[in-house]
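Q: I am new to this structure and would love a close look at one part of it. Could you walk me through it in plain language?

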2 protein chains.
Amino acid sequence: MPRIVDHEERRAEVAAAVWRIVSRDGLEAATVRRVAAETGMSTSVVSHYFAGKDELVTEYLHRFDPDVMPGVFDRTDLTPRERLLAAFEVPMTQGTEDVTPLCPYIAAAVELHDPQHPASQYARDYKTAIAARLTETAREAGATNPARLGEQLALLIDGASARTQVLNSDSFPIAAAVAAALIDNAIPTSSPRQPADERGTTAPAPVPVGGE
Amino acid sequence: MPRIVDHEERRAEVAAAVWRIVSRDGLEAATVRRVAAETGMSTSVVSHYFAGKDELVTEYLHRFDPDVMPGVFDRTDLTPRERLLAAFEVPMTQGTEDVTPLCPYIAAAVELHDPQHPASQYARDYKTAIAARLTETAREAGATNPARLGEQLALLIDGASARTQVLNSDSFPIAAAVAAALIDNAIPTSSPRQPADERGTTAPAPVPVGGE
C-alpha cells in the first residue's frame, strides 16, 4: 500500500509545535522557520499548511480554548455562584505544558497592532464568548443584572491576567476578592437560585480548586 | 564659534521619534533603523545614544509618564475620592499625539517576554508606583484598608486597558463603575475625611473630566 500523507495529522503536528514555541517564547516566535526547525519539516511543507506567521498564530488561538473554559463553566458539581468564582482559579493554564502567564488573546491583540487581523478578530470573539458565559452563569445565579456582572467579571479576569504579566506575580487572588464582592452585591440574598452560604460580602471567598 | 553638538537635544530628538513610531506601530517598531529613518540621522548616530531596540523601548517608558499620572493625583481641586475615580477618566493618553490604546507598560511586559529586561523591570516599578499613589489617595479618602483598595483599583485600570485593546472598544466606563462600588464599600460613610455626596453605591459616578 502506498504511504499516504495524513494532512490532518500534519496540521496537528504543526499546531503542537506552535504550541510549544509560543509557550516558551510568546506569539512573536510563531514563525514558519521556527516551526520547521521544531518539527523537522521543511519550511515549504509547513507553509503548505499555514502560509505564514499570521495563520500560525490564528491556528494557535483557535486551538487554545475552543470550548471557552469548559473546566469552569461546564462543571455540574458547583453552584452557579461557585462557577463564577472558579473562573478566577484556573486562569489561563488549561492544557498548556508550561504555565502561560498571559492570556494569549490579549497577547495577540497587543502584539499584532491590527484590530482587523484574523487573530485579533478571533481574540475579540473569544473575549466576548467568555463574557457571555459569565453572563449566562450570573443569570443562573440569580443576578439582578447578569450582563453587567458578566462584563465586570470578564474585565477583572483580564486585569488579573495583564497585571500578573507586568508584575510577574499572581494577581488572580486580588481579582477573585473583588469578584466575590461584586457577586454578593449583584445577587439578592433572597434569590431562590442562590444557595445560602456563610461567606461575607467583602472578604476573599474561599474558592473551590478548579478542575483539570 | 564652532558648532557644538547638543547631546541632550539629540537624545530628546531621538526620544520624540521613538514616541511617534510607537504611537503608530507599537513598541515592536522601536528599532534603530526606524528611528534613523524618522530623524534623518544615521543609524550609527542613533546607536551612539541608544545601543539598540531594548534601550529605545526603555527610554520610551521612562519618558511616558515619569511623574505617575500627575494630571490625576496632583489635582487639588478634587476630593481624594474624586481623584480615585478620575484615574479611570484619563486612561493612558496623556501627552501622546495619538491615542495609545494600551498602557505601554503592559505592552512592554507582553512583547518582551523577559521579566528581567530593564524595560520589564521599569514597567513593574511603574505599576507598583500607580498602586502606591492609589493607596495614598485611598488613605486620604478614609478607606479602611487603603493598600487593598489601591491594589484593586490598579487591577481594574489594567483590566480596562487590556480589554480596551482586545475588544477594540472603550472598557474604562465598566471599570469606573466597579471602582465606584469598591470605593463606596471601602470608605465608611461617617469618615470625617470623605465629604458627603449624593452618589449611590453602584451607579457609575459622574467623574470630572481629567485635565492636565
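Which residue of chain B comes closest to the rotation axis, and at what distance?

A: Happy to help, and please keep in mind that this is a predicted model. The residue you are asking about is B:Gly159, whose C-alpha lies 1.6 Å from the rotation axis, the closest approach made by any residue of chain B. The same surface serves both copies, since 100% of the contact residues of chain B recur in chain A.

Where does that axis come from? Chain B is superposed on chain A by a rotation of 180°, with 0.0 Å of shift along the axis and an RMSD of 0.0 Å. That is why the two copies can be described as related by a two-fold axis.

It helps to know what one copy is built from. Chain A has 10 helices and zero strands, so its pattern along the sequence is simply α-α-α-α-α-α-α-α-α-α. Chain A has 212 residues, and 55% of them count as buried. Among its contacts with a separation of 6 or more, 63% join residues 24 or more positions apart.

Now for a pair of helices in the other copy. In general, two packed helices are described by the angle between their axes and the distance between the axes. In chain B, helix α7 covers residues 104-112 and helix α8 covers residues 118-140; they pack at an angle of about 145°, with their axes 9 Å apart. The crossing of α7(B) and α8(B) is left-handed. On the α7(B) side, the residues that meet α8(B) are B:Tyr105, B:Ile106 and B:Leu112. Their partners in α8(B) include B:Ala119, B:Tyr122, B:Ala123 and B:Tyr126, along with B:Ser120 and B:Lys127. Sorted by character, the residues of this contact are seven nonpolar, one polar and one charged.

One more residue deserves a stop: the cysteine at position 103. B:Cys103 is buried, because its relative accessible area is 0%, and A:Cys103 also counts as buried, at 0% relative accessibility. Might sulfur atoms be linked somewhere? A search of the whole structure finds zero disulfides over all chains. For A:Cys103, the closest cysteine sulfur is that of B:Cys103, and it is 17 Å away, so the two are too far apart for a bond. Seen from B:Cys103, the closest cysteine sulfur is in A:Cys103, again at 17 Å and too far for a bond. For comparison, a disulfide needs the two sulfur atoms within 2.5 Å.

Conventions. Residues numbered from 1 in each chain as written. Chains lettered and ligands numbered in written order. Predicted model: local features only at pLDDT ≥ 70, side-chain atom pairs only at ≥ 80, totals over all residues. Heavy atoms only, no water. Least-squares fit on C-alpha atoms with pLDDT ≥ 70 in both. Contact = heavy atoms within 4.5 Å. Buried < 20%, exposed > 50% of the residue type's maximum accessible area, 1.4 Å probe, protein only. Axes fitted to C-alpha atoms, helices over the stretch in contact; angles between N-to-C directions. Helix = DSSP H or I, 4+ residues; strand = E, 2+ residues; numbered from the N terminus. Left-handed = near helix turned anticlockwise from the far one by under 90°. Nonpolar A, V, L, I, M, F, W, Y, C, P; charged D, E, K, R; others polar.
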